[in-house]
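Welcome! Here is a short briefing to help you find your way around a structure that may be new to you. Take a look at it first, and then read on.

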Amino acid sequence: MIPGARLVMLGRQGAGKGTQCTRLSRHFVVPHISTGDMLRAAVKEGTAFGRKAKEYMDAGELLPDDIIIGVVEERLLKDDTRNRGYILDGFPRTESQAESLAAITADLPLDLVIDLAVPTDVVLERLAARRVCVDCGANYAVHAPPKHGWTCDHCGGEVIQRADDTEDAIKRRLDIYEAETAPLIEWYEERDLLMVVDGDGDPDEVTARLIRTIDTARR
Ligand code: ADP
Ligand code: ZN
């Protein structure tokens, strides 16, 4: 992807979106914009906004569209994304968010939307085993822990299970995904922006697949 390319990553919870987007943002040197990470940072700061966001997140509910759209719009107006492009992770998640994104990016439209596709039984297994660094958001798993205890290999932060990775919240998030977010796959297909990439298998192999797909799309 050349500097300036604008990409959206769709995919179910537990599809490995976060990890893959982090890798792609390093490979292509473009900002990684994760709404989940931005919200978790606000929760950690303990702002009024963060406290409100936490209620929705812990319940597995989406934040109201107007609120999250405002957060994303503000971020996309910054110079780095205008100059270098971005990988948008966790947004849009509803048709109304997709429509707003199209309006926000009317002068610099999206280049590509990728659906990182992973079977349901695999995502359920991954979500239950998932552990994350509270400081930098790096992903681990029960069977793939950090090297030293439960402290992050990258930043030394504490590695824990996310508050919204409980069985109830996971179920709620997957239901919302099917109802609200999955229809966006067709929505972007109709607009000729969609490529589907198989997200099942070895993470390094998935990264290689993604890079090949993006390189092909930019030709
Ligand atoms: P996951 O993909 O595992 O659900 P994320 O880290 O992407 O996790 O998001 C965590 C939570 O943040 C969501 O469950 C939701 O409450 C909130 N959130 C993130 N992105 C959005 C969005 N685009 N619209 C509404 N809520 C969002
Ligand atoms: Zn960390």
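Strands here are DSSP runs of at least two residues and helices are runs of at least four, numbered from the N terminus. With that in hand, Asp-89 can be placed in strand S3, which covers residues 86-89. Please keep in mind that this is a predicted model. The notes below visit Asp-89, then a zinc ion (ligand 2), and then the surroundings of ligand 1.

**Asp-89 in its strand**

- Is Asp-89 buried or exposed? Its relative accessible area is 6%, so Asp-89 counts as buried, the cut-off being under 20%.
- The side chain of Asp-89 makes a polar contact with the side chain of His-32, at 2.9 Å.

**The zinc ion (ligand 2)**

- Which residues hold the zinc ion? Coordination comes from the SG atoms of Cys-133, Cys-136, Cys-152 and Cys-155, at 2.3 to 2.4 Å.
- The arrangement is tetrahedral because the angles subtended by the four donor atoms run from 100 to 117°, and a tetrahedral site needs all angles between 85 and 135 degrees.
- Along the chain, the donors of this zinc ion are spaced as C-x2-C-x15-C-x2-C.
- Cys-133 belongs to strand S5 (residues 130-133), while Cys-155 sits in the loop between strand S6 (139-141) and strand S7 (159-160), so this pair ties together parts that are 22 residues apart in sequence.
- Cys-133 is buried because its relative accessibility is 3%, whereas Cys-155 has a relative accessible area of 40% and is therefore partly exposed.

**Around ligand 1**

- How many residues surround ligand 1? There are 19, and the closest are Thr-35, Arg-40, Glu-61, Gly-90 and Arg-173.
- Sorted by character, the shell around ligand 1 holds eight charged, six nonpolar and five polar residues.
- Helix H2 (residues 35-45) gives the largest share of this shell, with four residues.
- Arginine side chains come up repeatedly in the contacts with oxygen atoms of ligand 1: a polar side-chain atom of Arg-173 lies 2.7 Å from one such oxygen, an N or O atom in the side chain of Arg-93 is 3.0 Å from an oxygen of the ligand, and for the side chain of Arg-162 the distance is 3.0 Å.
- What share of ligand 1 does the protein bury? Taken alone, ligand 1 exposes 540 Å², and the protein buries 97% of that.

Terms used:
Residues are numbered from 1 along each chain as its sequence is written. Chains are lettered from A and ligands numbered from 1 in the order in which they are written. This is a predicted model: local features need pLDDT of at least 70, side-chain atom pairs count only at pLDDT 80 or more; totals for chains, interfaces and linings use all residues. Side-chain values use heavy atoms; hydrogens and water are left out. Donors are N, O and S atoms within 2.8 Å of the metal (3.2 Å for Na, K and Ca); water is not among the atoms, so sites may look incomplete. Four donors count as tetrahedral if all angles lie between 85 and 135 degrees; four count as square planar and six as octahedral if opposite donors are over 155 degrees apart and all others between 65 and 115; anything else is irregular. Buried means under 20% relative accessible area, exposed over 50%, partly exposed in between (1.4 Å probe, protein chains only). A residue is near a molecule or strand if one of its heavy atoms lies within 4 Å of it. A polar contact is a pair of N or O atoms within 3.5 Å; within protein, one must be able to donate a hydrogen and the other to accept it, and residues adjacent in sequence count only if both atoms are side-chain atoms. Accessible areas come from the Shrake-Rupley method with a 1.4 Å probe; for residues, only the protein chains shown count as cover. Ala, Val, Leu, Ile, Met, Phe, Trp, Tyr, Cys and Pro count as nonpolar, Asp, Glu, Lys and Arg as charged, and the others, Gly among them, as polar.
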